[in-house]
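Trainee: Hi! I have a new model open and could use some company while I look around.
Mentor: Happy to help, let's have a look together.
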Amino acid sequence: MEKINEEVISILVKLTKNIIGDKAVELILKDLGEDISGRQLVFAFAEKIQDLFGEKGGFSTMRQLGREVAKTMMEQNQKENWEKVMEQALNELGFAERVEREENAAYICKCVFYEILDDRSLKPTEHSVCWAGWGFIEGFAKHMYGAKGVQWKERDYENEKCKFEYIRA
């Protein structure tokens, strides 16, 4: 898993530099200090991007960033490993302890950001960090399951999971 951790962090940093610039990323990294996790990094980037581009701009930018991270990870890994790579990266980024799949949907379970969002009185998808996970799932779903896109459907608060449905037509 260490390889996935380093890979996802490296990709996230590189792609975020393309969006907000080297200096902004370096400032965020400096503020976070040494030995940061992927989840700390993705949340800090989501906060900064939302501050820079506003709510809607942050949502769309982070969703695209998630898609691009997924695309890059698929390019760097063999197709037979994509499902495992997706799950490990979602875990490293804080979006899911595990992923449950159905024919037309995926559930991300136990997102670490939920408590942060709840403390701010935000529901799922009301912060740009959620949109990064959404884009990441969408990036993989397009290539792994033939989905045209992914739509957030609902949060099951009791079982701590969010449902994303695949758009096929």
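Trainee: How far apart are the end C-alpha atoms of α3?
Mentor: They are only 18 Å apart, although α3 has 39 residues. A straight helix would reach 57 Å at 1.5 Å a residue, where the expected span is 1.5 Å times one less than the number of residues. Helices here are DSSP runs of H or I with at least four residues, strands are runs of E with at least two, and both are numbered from the N terminus. Before we go on: this is a predicted model, so local features need pLDDT of at least 70 and side-chain atom pairs pLDDT 80 or more, while totals for chains, interfaces and linings use all residues. Residues are numbered from 1 along each chain as its sequence is written, and side-chain values use heavy atoms, leaving out hydrogens and water.

Trainee: Where is the kink in α3 centred?
Mentor: On glycine 54, with a kink of about 130°. That bend is the angle between axes fitted to the seven residues ending there and the seven starting there.

Trainee: New topic: how many aromatic pairs are there?
Mentor: Eight. Rings of Phe, Tyr and Trp (its six-membered ring) pair if their centres lie within 6.5 Å; planes under 30 degrees apart are stacked, over 60 edge-to-face, and the rest tilted. One pair is phenylalanine 59 with tryptophan 131, which is stacked because the centres are 4.9 Å apart and the planes are at 5°.

Trainee: Which parts of the chain does that pair link?
Mentor: Distant ones: phenylalanine 59 is in helix α3 (residues 38–76) and tryptophan 131 in helix α6 (residues 128–144), 72 residues apart. Phe59 and Trp131 also form one aromatic cluster with Trp134 and Phe164.

Trainee: Is phenylalanine 59 buried or exposed?
Mentor: Buried, at 7% relative accessibility. Buried means under 20% relative accessible area, exposed over 50%, and partly exposed in between (1.4 Å probe, protein chains only). Tryptophan 131 is buried too, at 16%.

Trainee: And how many disulfides does the structure hold?
Mentor: Zero; a disulfide is a pair of cysteine sulfur atoms within 2.5 Å. For cysteine 130, the nearest cysteine sulfur is that of cysteine 111, 6.3 Å away.

Trainee: Why is cysteine 162 not bonded to cysteine 111?
Mentor: Their sulfurs are 6.8 Å apart, so that is too far for a bond. Cysteine 162 is buried, at 7% relative accessibility.

Trainee: Last one: what is the phi of lysine 110?
Mentor: About 65°, a positive value, although lysine 110 is not a glycine. Most residues other than glycine have a negative phi. You'll find lysine 110 in the loop between β2 (105–109) and α5 (113–119).
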